[in-house]
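User: I would like a close look at one part of this structure. Please take a single helix together with what surrounds it, and follow that into the open spaces beside it.

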Amino acid sequence: MDHALVLARRGLGNVWPNPAVGCVIVRDGRVVGRGWTQPGGRPHAETMALAQAGDAAHGAAAYVTLEPCAHHGRTPPCAAALLQAGVARVVSALTDPDPRVAGQGLAMLRAGGVEVVEDVRRGQAAVLQRGFLSRIARGRPMVTLKLATSFDGRIATASGESRWITGEAARRHVHALRLRHDAVMVGAATARADLPGLNVRGFGPVSQPVRVVVASSPIPALPPEDADHGPLWVVPGPLPEALAELGRRGLTRVFCEGGGQLAAGLLAAGLVDEIVGYTAGVVLGGDGRAAVAPLGLTSLAAAPRFRLAEARALGGDVMHRWVAD
């Protein structure tokens, strides 16, 4: 299952609206097939693993990070494919909350005489599927807020100079995170002032994320969609409705890169699921531009709080990741 989870991560950012799933097929102690959800969401992980296993899947055990689907879409159900291949045992990490599945895949397998084991590495699988689970349960994608700041929490000098507060290692890490999200989002002010590319650079040819601008009208100067830039979507506020619209369009993971007003709006509305901070050893002072606009807090108890999940050095900077409870 650990191997299946590693495989599943390969799909993050390029399989929406589907979940990123991994599958490993084992027979007589040997891996005979493995697969993960392919770009665009098809083929599914189980289909890939079964194709690789061939006849060796008969009597084998399949380890899947999410319950095999039970409904007919563009392809037959994965649960039926596992049955047809003669798999004897299916080990699942997480039940699929999609109403079209929701236990029916595992029930189909049991009815076909397959031994089913549930909830193996459930916690790890839930973290991996956080975006998909958010879209199904809350109707909106998971939101990761990125803040690259000086030691005293500033994103630019008073004149607006910000390139570059953090170093090359931190900036490359940002592009790696963009690659694992379905979309990169900014506010209208940032889009108009910076004309950002909002794309992944430095990783060769990749599936580019959707570019989302929260604005009441299009930003015509932004680069058009091409091989180096993903689709450009403009969505109006308020933010809860904007994120609900992104969920309806199938997005599961959104990476928010500013600016301060958008960050404050997301935090005030309780819409941030993770914060990834990059802190540089430079001090800009009180006249520098704050990373987050005023929240209007009247008490410390009302401040949004997050739990530290990870911290490490990146070149001369510190990366710290915080998650909402």
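Analyst: What follows is about helix α7, the strands that cover it and the pockets it helps to line, all in a predicted model.

Helix α7 covers residues 168–179, which makes 12 residues. At 1.5 Å a residue these should span 16 Å, and the end C-alpha atoms are 17 Å apart, so the helix agrees with expectation. The buried residues in α7 are Ala170, His173, Val174, His175, Leu177 and Arg178. Among the elements that cover them are the strands β6 (142–149), β8 (183–187), β11 (253–256), β12, β14 (307–314) and β15 (317–323).

Of these strands, β6 can be followed further. In β6, 7 of the 8 residues are buried, so this strand is largely enclosed by the rest of the structure. β6 pairs with β11 in the parallel sense, over 4 bridges, and Met142 stands opposite Arg253 of β11. β6 also runs parallel to β12, to which 6 bridges join it; here Thr144 stands opposite Glu274. β12 takes in residues 274–279, and the loop between α10 (260–268) and β12 holds Gly270. Gly270 is exposed, because its relative accessible area is 55%, and exposed here means over 50%.

Now the pockets. The largest pocket holds about 1,200 Å³ of space. Its lining has 40 residues, and those nearest the centre are Lys146, Ser162, Thr190, Asp194 and Glu257. Two or more lining residues come from each of β6, β7 (154–156), α7, β8, α8 (188–194) and α10. The largest share, 5 residues, is that of α8. By type, the lining of the largest pocket divides into 20 nonpolar, 12 polar and 8 charged residues.

The second largest pocket has a volume of about 470 Å³. It is lined by 19 residues, with Leu177, Arg180, Arg253, Glu274 and Arg321 closest to the centre. Two of these have already appeared in the pairing of β6: Arg253 is the residue opposite Met142, and Glu274 is the residue opposite Thr144. Leu177 is one of the buried residues of α7. At least two lining residues come from each of α5 (122–128), β6, α7, β12, β14 and β15. The lining of the second largest pocket divides into 8 nonpolar, 4 polar and 7 charged residues.

Helix α7 thus gives residues to the lining of the largest pocket and to that of the second largest pocket, and β6 is likewise named for the largest and for the second largest.

Conventions
Residues are numbered from 1 along each chain as its sequence is written. This is a predicted model: local features need pLDDT of at least 70, side-chain atom pairs count only at pLDDT 80 or more; totals for chains, interfaces and linings use all residues. Side-chain values use heavy atoms; hydrogens and water are left out. Buried means under 20% relative accessible area, exposed over 50%, partly exposed in between (1.4 Å probe, protein chains only). The expected span of a helix is 1.5 Å times one less than its number of residues. Contact means heavy atoms within 4.5 Å. Two strands pair if DSSP finds at least two bridges between them. On a 1 Å grid over the protein atoms alone, a cavity is a set of points where a 1.4 Å probe fits but cannot get out, and a pocket is an open set with protein on both sides within 12 Å along at least five of seven lines; lining residues have an atom within 4 Å of a point. Grid points are joined across faces, edges and corners, and a volume is the space filled by probe spheres set on the points. Ala, Val, Leu, Ile, Met, Phe, Trp, Tyr, Cys and Pro count as nonpolar, Asp, Glu, Lys and Arg as charged, and the others, Gly among them, as polar.
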